[in-house]
Amino acid sequence: LCSCARRTAGKGYSDVARNAFGQSAEVASTGLLFMLLLLILVAFMVLVKDIWTGVVLHIFPEIKDFFTGADENLDEDTIYNKASDYVLIVVLLLVSPLLFKKDLYALRHTCYVGF
């Protein structure tokens, strides 16, 4: 890719695709990159949701009482599912400032959130 970018004076995938194969290849490569990044984001959210919900419920067991409320007959899976949505929202709010930076250097810390 670097060699092709130097030869075609392109700065990214779409520039190289446009210079090598035309306008339709640029649109196709942009669409493929969008889908790839969307699926990576979904995988990241699933990973964070599965890991951090168990950790939060283990460290703060009183949170279970918040999700049971007046209905004491809820099973553990229902409580876990309710809590996991809130944990995901909180984690995404904490990580979102890193996702809106102009350079990718800030993203080097997001791997610590997943593990």
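**Helix H5, a nonpolar patch and the salt bridges**

In this predicted model, helix H5, spanning residues 76-99, comprises 24 residues and extends 33 Å from its first C-alpha to its last, a length close to the 34 Å expected at 1.5 Å a residue. The helix is bent by about 30° at Leu 93, and a proline, Pro 97, follows within four residues. The buried residues of H5 are Ile 79, Ala 83, Ser 84, Val 87, Leu 88, Val 91, Val 95 and Ser 96.

The structure holds 4 salt bridges, and H5 takes part through Asp 85, whose side chain meets that of Lys 49 at 3.1 Å, N to O. This pair links distant parts of the chain, with Asp 85 in helix H5 and Lys 49 in helix H3, 36 residues apart. Asp 85 is partly exposed, at 39% relative accessibility, and Lys 49 likewise counts as partly exposed, at 25%. A salt bridge is also formed between Lys 64 and Glu 76, with the closest N and O atoms 3.6 Å apart; here Lys 64 of helix H4 (residues 63-68) is linked to Glu 76 of helix H5, 12 residues away. Salt bridges that share partners join Asp 15, Arg 18 and Glu 26 into one network. Within it, the side chains of Asp 15 and Arg 18 meet at 2.7 Å, N to O, and these two residues are separated by about one helical turn because they lie 3 residues apart in helix H2 (residues 13-21).

A nonpolar surface patch of about 550 Å² is made by Phe 34, Met 35, Leu 38, Leu 39, Val 42 and Val 46. Of these residues, Val 42 is found in helix H3 (residues 23-59) and is partly exposed, with a relative accessibility of 38%.

Definitions and conventions:
Residues are numbered from 1 along each chain as its sequence is written. This is a predicted model: local features need pLDDT of at least 70, side-chain atom pairs count only at pLDDT 80 or more; totals for chains, interfaces and linings use all residues. Side-chain values use heavy atoms; hydrogens and water are left out. The expected span of a helix is 1.5 Å times one less than its number of residues. The bend at a residue is the angle between axes fitted to the seven residues ending there and the seven starting there. Buried means under 20% relative accessible area, exposed over 50%, partly exposed in between (1.4 Å probe, protein chains only). Patches are made of residues with over 30% relative accessible area and no salt bridge: like charges are joined within 9 Å, nonpolar side chains (Val, Leu, Ile, Met, Phe, Trp, Tyr) within 5 Å. Accessible areas come from the Shrake-Rupley method with a 1.4 Å probe; for residues, only the protein chains shown count as cover.
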